[in-house]
Each structure stands twice: as C-alpha cells, then as structure tokens.
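These are my notebook entries on a single structure. I set down what I looked up, entry by entry.

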Amino acid sequence: MDQFASLHPRETVERVSATLGCSPTSAQVAAYFDKHDKLRELRENFLVPKIAELPPTDLSLVDGSKDCIYLVGNSLGLQPKMAEKYLKEELEKWAKIGVHGHTSGSRPWAWAENNLEELMAKVVGAKAEEVALMNGLTVNLHLLMLSFYKPTAARHKILLENKAFPSDHYAVESQICLRGFDPKHSMLLVSARPGEETLRTEDILKVIEEEGDSIAVVMFSGVQYYTGQLFDMAAITEAGHRKGCFVGFDCAHAAGNAELKLHDWGVDFACWCSYKYINSGAGGLAGAFIHEKHKHTIKATLTGWWGHDLKTRFQMNNVLELQPGVSGFRLSNQSMLLVCPLQASLEVFHKTTMQALRRKSILLTGYLEYLIQHYYTEDPTQPHKPHVHIITPSDPQQRGCQLSLSFSMPIKRVFQELERRGVACDMREPSVLRMAPVPLYNSFSDVHRFIETLGEALAASSQ
C-alpha cells in the first residue's frame, strides 16, 4: 500500500473502491487493504481471544468461534505468543538451578532487563543508554520529577494539560506539596478553548511563552488518554527550552503507537508503561528516558543498589558508584517474570519499524474514521437517528491510532450491546468510547466488522 502513502486516508479509501468498482463501505475494500498489508503477518505473533471466551458475550447474538473484535490495545495489548514459552523457560531454570539463574541462561536475572533496552530504545526514538526498564509508570515519574523539579520562589510551576491522566495529576500535585508549595499556585493547567475538546498547539506554546519564566517543568502526555490527541512534542520541547524549562512527557499512550524521537527532539525526560501498545501484560515493566545531555549533571535523588555500576555492584562495599544517566535511577532488581512478556513483544516490534507501523496506522484509523462519518454523522433531516461525534483530531498528524467516540445516546447501553456481540473496547465517563485499531495486530477487516456490529448495537440500544 506504499503507493497510497502520500494520500489522505479518505482519498485512499475512495480510490481503492473506485478501482474495485464497489462502494467505499464494502467489505471488499477492507479485504483489499488486508491483502496488500505488508505487516499483516505480525498478527500471527499474538493471541486474539475468541468471542466465546469474553465474559460479556451473548452467544445467542454472535458466532462464538470467531476472533473477537479487539480494539482496546490502548488499555491492554494482546498477549504475544512467545510470552508463555519465555516464562516457562525461566520457571524451569528456577526449578533446576535455583540461585544460579542470576548469572546463567539466555536472560540472566541479574541483568535481564538490560538486554532489552536497545529494542525499547528503537520504539521510542532514543539511544539504548538513555533508556531504563524498571518499576511502574508512576514510580518512574516520581523518581524523574524528584531530580528534574527543583522549584525556586521565582520558578516553581509545573505545566500540564487539564484533565491529564489522574495518576499524572496526583503525582504532580504530590511533588509540588513535597517541596512546600501549593498546587493551587504551582500547578498550571492548559485547557481547551470553550466549545472545543482538544488543545491547540498554539495555545500550549502561548502559555509557555507567557508563563515560562515561572515554569520549572513542562510535563505533558504524548497522547492524551481521553481524547486521543497526539501533542506536538517537538514544538512543546523547543518552546519549553527557550524559556529555560525542563520538558518531560508521559508516553504511556504514545510509546508503541506514535513515531517518537525523544533523543532528536531533545526531550529532557520521559516515562511510559508497557502494557498498552507494547503488550507486556497488566502491570508490565515500565520504561524511563533521560537525554544523554544530562548524563553527568542530573543524578538520582533516591538511590538503590541497582543504580550501582554492574561491574562492582556485588562487591557490597557500600561505596556507591552511581551509573551515569538514567541507569543510575534504578533501585532494585526487576522480576524475571516481567521481563519475559516484554521481550516477547519487543521482538515483534523488531520485525518491523515504527515508521512502517505508523504508515499502516494512519490508514487503518483513517478507514475507521471514514466509515463512522459515512454512517453516523449527524443528519438534521433525521433528528432521531443515532449519531457519533469523533472528538479526536481529524488531522492524522495530531492523533495516534485511537479514536474517541461520543454518542448521541446513553453510552453505557451502547457499550454493553457491543460487548454482548464480541467487541472489546473501552468506555470512559461521561460519554466516550475509545476505539484503538492497533497496527501491530488489528486488520482492516476488524474495523469493517466493528462498524457492522456498531450498527447492530445502536439499533438494539434504541429499542
């Protein structure tokens, strides 16, 4: 499908349908895209649940033997098939050689996560030495903020988007309080304009320009979890640096979804979980990034023995030889059981590139957008017909793979009817369904099946 790379997704759908001599909404279009998808075989590396296995399924409504329509990789990615094999290997090693597993085998437990950092670095656009795999997302955010947020009477504010993910909001609040400041004065929130649902880049940059002298840290998400908006991380970083601010990002919804260039953009720090688009399993091993420019100037505020140089770590002389950069922020050894599924997923990413995944993603999400707009755009001549409003930006460059859909009818009923028919998706109060066709394993046929199922769900919800 490379011949369509320069076209807007809408143009691609219409051009293909014209070539096939069918309607743009025909399943033939989805079949054509799947046939010509160079990444289609990546799906075979994952376990897709069957409809019958999903707890909410009503088997009187749907064929339970089919794969479910899994559009919730933005909440939990699918299990890589190799995860079970790798876990069994480590459990068997533990059973057979016990403590010797720390230094033996294909993934010695004492440094197993280190072997994955180069693979992870490629996913987020960083150098291997700028990435550490450790802890959970919010733990890493706290560790990073402890070292990058050094407020003064003149420069004490932290800038983040209004309605950031609650965990980020709480972390920022607590970091401000820890330093003796008041979140009411030190927490600077950027909101969308009245009547708008997403932030304008120009408004974010304007706040940085006007308030920058009092901002210590700009701490945005890469992709906004609720709206699906992909922020212009390069522009935000540049603007923050011009005003002397540190700039960091929570990339939980961006890593493995958007094409990141954390190193090239000069981002100061970032962190992310790995169980969404990176498919490491619930509570999987999280990631942290610190740009190499800070290697010798920004040090961990809290230290532990895993931050000590590996060469002398086990000499146990209580004289800390702190590793430079993000490696010095490690506190404890990581669970081998968390390393295994992460390795299984990162090896799949290594079979392609983020650039290739992003190309597919733009068309895949654009195809979903096209079909939703075709069937469910509000029609003034049919005031009682259910309609759907997409709050995610329509510009493919301002979104990842997620579309956040707002409905003209009660959302809970629609969500339940979709689940009864084998759709795995995500509901967020008060009125949004978040749908994420993930390019690593979702197909164009998944999208077409979803649109058909959505029609059934809306009809059932209207009764």
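**Entry 1. Strand β7 and its neighbours**

Which residue in β7 is the bridge partner of L159? I looked it up in the model, which is a predicted one, and found V218. The strands concerned, β5 and β7, are parallel and share three bridges. I then turned to β8, which is joined to β7 by five bridges, also in the parallel sense. Within that pairing, M219 has G248 of β8 as its bridge partner.

Next I checked burial along β7. Seven of its seven residues are buried, so β7 is largely enclosed by the rest of the structure. I also traced the connection from β7 to β8: with α9 it forms a β-α-β unit, and the unit is right-handed.

**Entry 2. The sheet as a whole**

I recorded the strand order as β4-β10-β9-β8-β7-β5-β6, an open sheet of seven strands with mixed pairing. At its edges stand β4 (131–133) and β6 (187–190), each of which pairs on one side only. From one strand to the next the twist averages 20°.

How do β4 and β10 run relative to each other, parallel or antiparallel? They run antiparallel, joined by three bridges, with β10 covering residues 287–290. I noted V131 and F289 of β10 as bridge partners.

Two helices were then placed against the sheet. Helix α4 (residues 117–124) lies across β4 and β9 (269–272), at about 120° to β4. Helix α5 (residues 137–148) lies across β5, β7, β8, β9 and β10, and runs at about 165° to β9.

**Entry 3. Positive phi values**

I listed two asparagines with positive phi. For N135, in the loop between β4 and α5, phi is near 55°. For N279, in the loop between β9 and β10, phi is near 60°. Their accessibility I noted separately: N135 counts as partly exposed because its relative accessibility is 21%, whereas N279 is buried at 1%.

**Entry 4. Helix α13**

Which residues of α13 are buried? In this helix (residues 411–420) I found I411, V414, F415, E417 and L418. They lie on the same side of α13, because they cover an arc of only 165° around the axis. The buried residues pack against β12 (403–407), β13 (423–424), β14 (426–428), β15 (432–435) and α14 (444–461). Just after the helix, G422 has a positive phi of about 85°.

I also examined a salt bridge within α13, between the side chains of R420 and E417, at 3.1 Å from N to O. The two are three residues apart in the helix, so about one helical turn separates them. R420 is partly exposed, with a relative accessible area of 30%, while E417 counts as buried at 5%. Salt bridges with shared partners link D58, R413, E417, R420, R421 and E456 into one network.

**Entry 5. Other salt bridges**

My search of the whole structure gave 30 salt bridges. I looked at R330 and E117, whose closest N and O atoms are 2.6 Å apart. R330 is in the loop between β10 and α11 (336–349) and E117 is in helix α4, so this pair ties together parts that are 213 residues apart in sequence. Both residues are buried.

I then looked at R193 and D203, where the closest N and O atoms are 2.8 Å apart. Here R193 is in the loop between β6 and α8 (201–211) and D203 is in helix α8, so the pair ties together parts 10 residues apart in sequence. R193 counts as partly exposed at 33% relative accessibility, and D203 is buried at 16%.

**Entry 6. Two buried small residues**

From D203 I went on to A235, which lies in helix α9 (residues 233–242). The C-alpha atoms of A235 and D203 are separated by 12 Å, and the residues are 32 apart along the chain. Is A235 buried or exposed? At 18% relative accessibility A235 counts as buried, because the cut-off is under 20%.

My last look-up was S361, in helix α12 (residues 354–376). Its relative accessibility is 0%, so S361 counts as buried. Leaving out residues up to four places away in sequence, S361 touches G366, G400, C401 and P439.

How values were computed
Residues numbered from 1 in each chain as written. Predicted model: local features only at pLDDT ≥ 70, side-chain atom pairs only at ≥ 80, totals over all residues. Heavy atoms only, no water. Pairing = 2+ DSSP bridges. Helix = DSSP H or I, 4+ residues; strand = E, 2+ residues; numbered from the N terminus. Axes fitted to C-alpha atoms, helices over the stretch in contact; angles between N-to-C directions. Contact = heavy atoms within 4.5 Å. Buried < 20%, exposed > 50% of the residue type's maximum accessible area, 1.4 Å probe, protein only. Right-handed = clockwise from strand over helix to strand, strands pointing away. Arc of directions from axis to C-beta. Salt bridge = Lys/Arg side-chain N within 4 Å of Asp/Glu carboxyl O.
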